[in-house]
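Q: Please take a close look at one part of this predicted model, the place where chain A and chain B meet. What does each side bring to it, and what does the fold of the smaller topic, chain B itself, look like?

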Amino acid sequence: MPPTTLALRGIDYAILSIYFVFVLGIGWALKRHVKGSADFFLSGRSIPAWITGLAFLSANLGAQEVIGMAASGAQYGIMTSHFYWIGAIPAMVFLGIFMMPFYYGSKARSVPEYLKLRFDEKTRGFNALSFAVMTVFSSGISLYALAKLLEVLLGWNFNASVAISALIVLGYIFLGGLTSAIYNEVLQFFMIVFGFAPLAWLGLRDVGGWSALKTRLEAVAVEQHFAPGTWTQSWHHVARAADNPMGVEWFGLAMGLGFVLSFGYWCTDFLVVQRAMAANSMSAARRTPIIAAFPKMLFPFLVILPGMVAIALVRDPHSGLTLPTNPDGSTNFNMVIPQMLGHYFPPGLLGLGFTTLMASFMSGMAGNVTAFNTVWTYDIYQSYFAPNRSDRHYLHMGRIATVCGVLLSVGTAYFAAKFNNIMNLLQLVFAFVNAPLFATFLLGMFWRRTTGHGAFSGLVSGTALAAVHHGLTLPAGNVAGGVKGGWLGAVLHTYPSEMAQNFWTAIFAWTACFVVTVAVSLATRQRKTDAELTGLVYALTPRPAAAVEPWYERPVVLGGIALGATLLLNLAFA
Amino acid sequence: MNFDLRLPLGMIFSLFGAMLAVYGLTSDPAIYARSLGLDVNLIWGLVLLAFGLCMLLLSLRAARARTRGRPNA
């Protein structure tokens, strides 16, 4: 069954056009604020916490988030909320309270630059290079997914869709740099909230409320041979991997997703950390991820709930809602949001919903491009190709890097269109690089004895073990030798699902990095003096003077409230 | 930086809200069959309008405070 196409009317196109006029207008209005490279790459460290907080959230609201979380909501039910309630929120609070003092206080301009200050050149080079390649590919994947969606839903030309989307993103970043990206991300945040909230509202109303949804989802669970509550209880069915559709058990979930993957992403990925580093004070930088945590904990209701409603309604022949199928006959869960937009939204609201969808893809792309131009200019170009040039020179290079970043994204978008499997393979390689990184930061920030050789060899062995683990295991129902695993000749273990395999790959990679970093650090000499490490390591950084802010501006108080609220959400939907 | 994001936020959401509300009042009721019979354009348009006007109000208040020479207000 092909997906239903959307018929946009005049009012819908009017909303879409006005939105893009505003997006470019914000870039234009900010142009005169960009006087030097620090304004372009770091927003001159001048942005209030509520704005960096919402941008922190929005930079991550790319295609994966909205489309993928709704798809998982349909496939796995409320267990998808673990990505938020044990995954993202604790990691964001940890970043704000414990790690941000070192990122912001070190005056490093990027995450790789922190690694250079704390460890050495090779560790920075490894991180900068892999990160730069990763951002270009992620941005290309966003662009590809957006153009594909425009082609399928509206019948637009694929090439024209790629060109228009790329030009708009290029336009506002080129003009206003990071500030423009951040301000537009805040606009995108509100668009996403206002554009998708009616979907959750109408969907829930249609199924007859939460308790009716629960009853309908019991049938879905039983049909797939799980306990009746599997789709609506997040913690009841994780004792054994075979009890839930995700195929994960509590340990893999808590350690793999909750600890390694979430902390690894939220605490070390420059894409999000860059937003906090643009804040106007240390306190604002620390509050950035914590402010982001509050709307983040409610996002399951916005993005997962529509997926749960969709899977309940698809079974009901009277609902009229259908999901398209893939060429191999399986259900295409990625179309949950677009199909529901077409199903519930009349002209007018449809324009708003569709604009929101485009906005979420573009914010994902813009976040990657701004992170790319900074890492390229500061960590690669300035470090290895042209040190000691004028600030104007680097600002100029930043703009060139923005154009190149967008052009490379266009290239990778076409690459994705042609070689879907190679893209999967690349994403896998990045996962191998990222999984151990959190161990490096944890040891680097909290154990002063960690050496550059230790950090580098830890990272390399963590990445290598991730690859080996993936090469020797396989998710159930897949053939060995492909991108799914088992390509090292033998399959030592079969996981119930791909997700379980990912979580355990991360656990192995993190542990290897941790152990090797400690061992090599103890065997090598610390080349950095205590003075050099001041501000970079917990034990050598003076505690900030007693807080002078009111309680509602203190990171620790806000973080505590965020964790308490998340605990309540976990209990309410356990 | 004297660029108040609340101003463009207020402008765009007031505009979207007004557009949807007016469209909701003037459009053929038959199109609301799919939204469970609710005139969601009017309802959601008013929600957006209220949010947009709040943002505009906050931004105007801050601008007036700035001209009176009270920074950080």
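A: In this predicted model, 28 residues of chain A are in contact with 23 residues of chain B. On the side of chain A that touches chain B, the elements giving two or more residues are α1 (10-30), α8 (158-207), α13 (336-344) and α14 (349-385) of chain A, and the largest share, nine residues, comes from α8(A). Sorted by class, that side of chain A holds 22 nonpolar residues, together with four polar and two charged ones.

Turning to the partner, chain B has a secondary structure of two helices and zero strands, and its C-alpha trace spans about 55 × 15 × 15 Å along the principal axes. The radius of gyration of chain B is 17 Å, whereas a compact globule of 73 residues would have one near 11 Å. Of the 73 residues in chain B, 32% count as buried. Among the contacts within chain B that have a separation of 6 or more, 69% are accounted for by residues 24 or more positions apart.

As for the confidence that the predictor attaches to this picture, chain B has a mean pLDDT of 89, with 90% of its residues reaching 70 or more, and the complex as a whole is given an ipTM of 0.93 and a pTM of 0.91.

Key: Residues are numbered from 1 along each chain as its sequence is written. Chains are lettered from A and ligands numbered from 1 in the order in which they are written. This is a predicted model: local features need pLDDT of at least 70, side-chain atom pairs count only at pLDDT 80 or more; totals for chains, interfaces and linings use all residues. Helices (H or I, at least four residues) and strands (E, at least two) are DSSP runs, numbered from the N terminus. The radius of gyration is taken over C-alpha atoms; the globule rule is 2.2 Å times the number of residues to the power 0.38. A residue is buried if 20 or more other C-beta atoms lie within 10 Å of its own, exposed if 12 or fewer, and partly exposed in between; C-beta atoms are placed from the backbone. Two residues are in contact if their C-beta atoms, placed from the backbone, lie within 7 Å. Ala, Val, Leu, Ile, Met, Phe, Trp, Tyr, Cys and Pro count as nonpolar, Asp, Glu, Lys and Arg as charged, and the others, Gly among them, as polar. pLDDT is the predictor's confidence in each residue, from 0 to 100.
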